[in-house]
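Morning, everyone. I have one chain to show you today. Let's put it on the screen.

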Amino acid sequence: MFNLTYEFKLKPTQNQVEIFEEWLETHRRVYNHALAERKDWYKSRSCQVNACSLVSEYIIRADAPRPTFASQCKSLTAARKENEYLKRVNAQSLQQTLRRLEKAFVSMWEQNHGFPRFKKRDRMRSFSFPQLGQNPLSNGYVKLPVIGVVKVRQSRDIPDGGVIKQARVVKRVSGWYVMLTVQWDLSVPSPLPHGEAVGIDVGLTSFVATSNGLLVKRPRFFVDALRKLKLLQQRVSRKRIGSNNWKKAHKKVASLHEYVANCRKDWHRKLSHQICNNAGMVFVEDLNLVGLSRGMLGKHCLDAGFGQFFNILEQTCFKRDVYFQKVDSRKTSQICPNCGTETGKKELSQRIHVCSNCGYTTDRDIAAAQVVRERGLAAVGHTVKMLAEGKFIGVPVTQESPAL
C-alpha cells in the first residue's frame, strides 16, 4: 500500500462553520474527560503504602482497571445514548480523539515526551473521519459524514487509481482546511544507493553545508519577525480578555506565526530539491533535536527547524529516487575527512579545519559534511575511494549458485 496526503482549503457556509466549531468543542471536552480519567487513576496509584497526603488523596478501588483506549471507547458508546451533544458528532470521529490521547501516552512512555495536558478553549484545532463514502471528492465538493457536502478549493487533481481512506478537518487562522489521505494498492520500492553521495552538516552559522562545497546561510524567519510580534503581543495584552478587540488582536498574532511557519516550510522544500538535483545518495546527521531545543540556543534551533527540514528532505528524496539515511553525529567536527585523524575539539570561533597530520584545509562545516558522507558510504558498504575511481555503478548484486 502507498499513501499520500493532499491538503485543500475548504469554503464552508456560515452554518457549516458553526457546526465545525461545535464539533471542535465537543472533541475538546471528550479529550479532557478521558485525560482526567487516566490522570486520576495514575494519581491514585502514586501515593505511599503506609501514608496519605495531608492535602488530598485520590481514592479509586484497588481492582479498578487502568483506563485504556478500548475501555474508554466502550464508555463513550454508553455516554452517547444519554448525552445529546455527543449524539450530534460522528462516533468514529470521537474515537479518533481518544486514539490521539492514547498516542500521547505512548509518546510519553517511548519517546520521552511530557505528560499530556488538558486542552483549554480553542486549543483543539482538528478532528478526523477514519471512513468516508464512495467518491467523497467530486466537482469541487467534499462529502463528510453527518456534516454533508462542503465546498472545497481543489488546487490540483488526485491521480487515478487512488482511494480516499480518511479525512481530517483543520482550523487555522487563515481558514478551514481538509487533509485527504489517498491510498493506492501498489508497492513502491525504496530508493537504493546509487550515483553521487552527498553528506550534509547543519548548523546555526551555515544552515546547510554539503560535502561538495555548498554553504547556505541560515535565514532567520522568527528572529526577523520578533519586533513586529512584540508590538502585536503588546496590543493583545492591553485589550480586555474575551472582547472582540482582543480576538482581533489575537488573530493578527496568529496570522504572523502562520506566515513565518509557511515561509520556513517553503524555503525548506526549495532547498531539499536543490540538494537532490545532482545526488543519488544523501546522508545527514542523526541529531538529538530535543536536546538542542532545550539548550542555550534553543530558540534559534527551533527557528531553523532542523527536524522539519530532515522530514521534508526525506520525502523529497523518496519522490526523486534518491537514497536517504541518517548516520552517527558524534565527533563529526573533530575528525579529518582526508586521513581520518582525530583533531580534537574546536572552538566555535574556529571556522577553518586544518589537519596537523596531512595538512588538509577546508571550511569546518564542509569538513564535517565530508565526514558524514564517509560514514554514510561505510554504512551502505562503499568507500570514497571507490567513488573517486569510478568503480561504483550501483548496489553489488548477490550472485546465487546455479540451480542443479
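I'll start with the whole chain, then go to two residues.

First, a caution: this is a predicted model.

Now the overall picture. The chain has 404 residues, and 36% of them are buried. Its secondary structure is twelve helices and 14 strands. Take the principal axes, and the C-alpha atoms fill a box of roughly 75 × 60 × 55 Å.

Next, contacts. Count those in the chain with a separation of 6 or more. Of these, 67% join residues 24 or more positions apart.

On to the surface. About 25,000 Å² is exposed, and carbon and sulfur atoms supply 50% of that. For charge, I have 65 positive side chains and 35 negative ones. The centres of the two sets lie 9 Å apart.

Now the first residue, Asp303. It sits in helix H9, which runs over residues 298-304. Is Asp303 buried or exposed? Buried: its relative accessible area is 2%, and the cut-off for buried is under 20%. What does Asp303 touch, beyond its neighbours within four places in sequence? Three arginines are on the list: Arg218, Arg220 and Arg264. The others are Pro219, Phe221, Phe222 and Val223.

Second residue: Phe318. Look in helix H10, residues 306-319. Phe318 has 33% relative accessibility, so it counts as partly exposed. Which residues make a nonpolar surface patch with Phe318? Leu186 and Val188 do. The patch covers about 220 Å². Patch members need over 30% relative accessible area, and Phe318 has 33%.

To recap: Asp303 is buried in the model, while Phe318 is partly exposed.

Note on methods: Residues are numbered from 1 along each chain as its sequence is written. This is a predicted model: local features need pLDDT of at least 70, side-chain atom pairs count only at pLDDT 80 or more; totals for chains, interfaces and linings use all residues. Side-chain values use heavy atoms; hydrogens and water are left out. Helices (H or I, at least four residues) and strands (E, at least two) are DSSP runs, numbered from the N terminus. Buried means under 20% relative accessible area, exposed over 50%, partly exposed in between (1.4 Å probe, protein chains only). Contact means heavy atoms within 4.5 Å. Accessible areas come from the Shrake-Rupley method with a 1.4 Å probe; for residues, only the protein chains shown count as cover. Lys and Arg count as positive and Asp and Glu as negative; His and the chain ends are not counted. The place of a charge is taken as NZ of Lys, CZ of Arg, CG of Asp or CD of Glu. Patches are made of residues with over 30% relative accessible area and no salt bridge: like charges are joined within 9 Å, nonpolar side chains (Val, Leu, Ile, Met, Phe, Trp, Tyr) within 5 Å. A salt bridge is a side-chain nitrogen of Lys or Arg within 4 Å of a carboxyl oxygen of Asp or Glu.
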